[in-house]
Amino acid sequence: MLAYEKETDLAQEKLLSPKELGTMVGLSTAQVRALMNSGKLEFIEISTKTKLLTMSGWERFQKNATKVKPCEGMT
């Protein structure tokens, strides 16, 4: 995907506060902020105090954070 296409997709995506995302995915605001501060959850910095998130960023976090172990005897 080209940078321009990514920007276009992002422009159409709803921006969420840490509280809104937390409510949607079942985490506290503090847990969402901890993931942001650790660099595990990407966000858009609007200003030094305002950081917003997207559902696609949450989905990427889930995909990267989820580890699937192969079943024994299947390898």
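What share of the 75 residues in this chain is buried? Keep that in mind for a moment while I introduce the structure. Hi everyone! What you have in front of you is a predicted model. And here is the answer: buried residues make up 19% of the 75 residues.

Let's start with the overall layout. The chain has 4 helices and 2 strands. If you walk along from the N terminus, you meet them in the order α-α-α-β-β-α. The accessible surface of the chain comes to about 6,100 Å², and carbon and sulfur atoms account for 56% of that surface. One more number for the whole chain: take the contacts with a separation of 6 or more, and 42% of them join residues 24 or more positions apart.

Now let's go helix by helix, beginning with α2, which covers residues 18–25. Which residues of α2 are buried? They are Pro18, Leu21 and Gly22. Looking down the axis of α2, you would find these buried residues within an arc of 100°, so they line one face of the helix. Turn to the other side of α2 and you find Lys19, Thr23 and Met24, which are exposed. As for the partners of the buried residues of α2, they pack against α3, β2 and α4. Just after α2 comes Gly26, with a positive phi of about 85°.

Next is α3, residues 29–37. Its buried residues are Val32, Leu35 and Met36. Here too, seen down the axis of α3, the buried residues fall within an arc of 100°, so one face of the helix is lined by them. Ala30 and Asn37 are exposed, on the face of α3 turned away from its buried side. The cover over the buried residues of α3 includes α2, α4 and strand β2, which is residues 51–52. And just after α3 there is another glycine to find on your screen: Gly39, whose phi is positive, at about 85°.

So how do we describe a pair of helices like these? Two packed helices are described by the angle between their axes and the distance between the axes. For α2 and α3, the angle is about 110° and the axes are 8 Å apart. Angles from 65 to 115 degrees count as roughly perpendicular, which is why α2 is called roughly perpendicular to α3. Their crossing is right-handed. On the α2 side, the contact is made by Pro18, Lys19, Leu21 and Gly22. On the α3 side, the residues are Thr29, Val32, Arg33 and Met36.

Let's move on to the strands. Ile44 sits in strand β1, residues 44–45. Is Ile44 buried or partly exposed? Buried means under 20% relative accessible area and exposed means over 50%. Ile44 has a relative accessible area of 26%, so Ile44 is partly exposed. If you want a distance to try out in the viewer, go from Ile44 to Thr54: they are 10 residues apart in sequence, and their C-alpha atoms are 8.5 Å apart in space.

Last comes α4, residues 55–65. Gly57, Trp58 and Phe61 are its buried residues. Viewed down the axis of α4, they fall within an arc of 100°, so they line one face of the helix. What do the buried residues of α4 pack against? They pack against α2 and α3, the two helices we have just been looking at. Thanks for listening!

Methods: Residues numbered from 1 in each chain as written. Predicted model: local features only at pLDDT ≥ 70, side-chain atom pairs only at ≥ 80, totals over all residues. Heavy atoms only, no water. Buried < 20%, exposed > 50% of the residue type's maximum accessible area, 1.4 Å probe, protein only. Contact = heavy atoms within 4.5 Å. Areas by Shrake-Rupley, 256 points an atom, 1.4 Å probe, with all protein chains shown as cover. Arc of directions from axis to C-beta. Axes fitted to C-alpha atoms, helices over the stretch in contact; angles between N-to-C directions. Parallel < 35°, antiparallel > 145°, perpendicular 65-115°, else oblique. Left-handed = near helix turned anticlockwise from the far one by under 90°.
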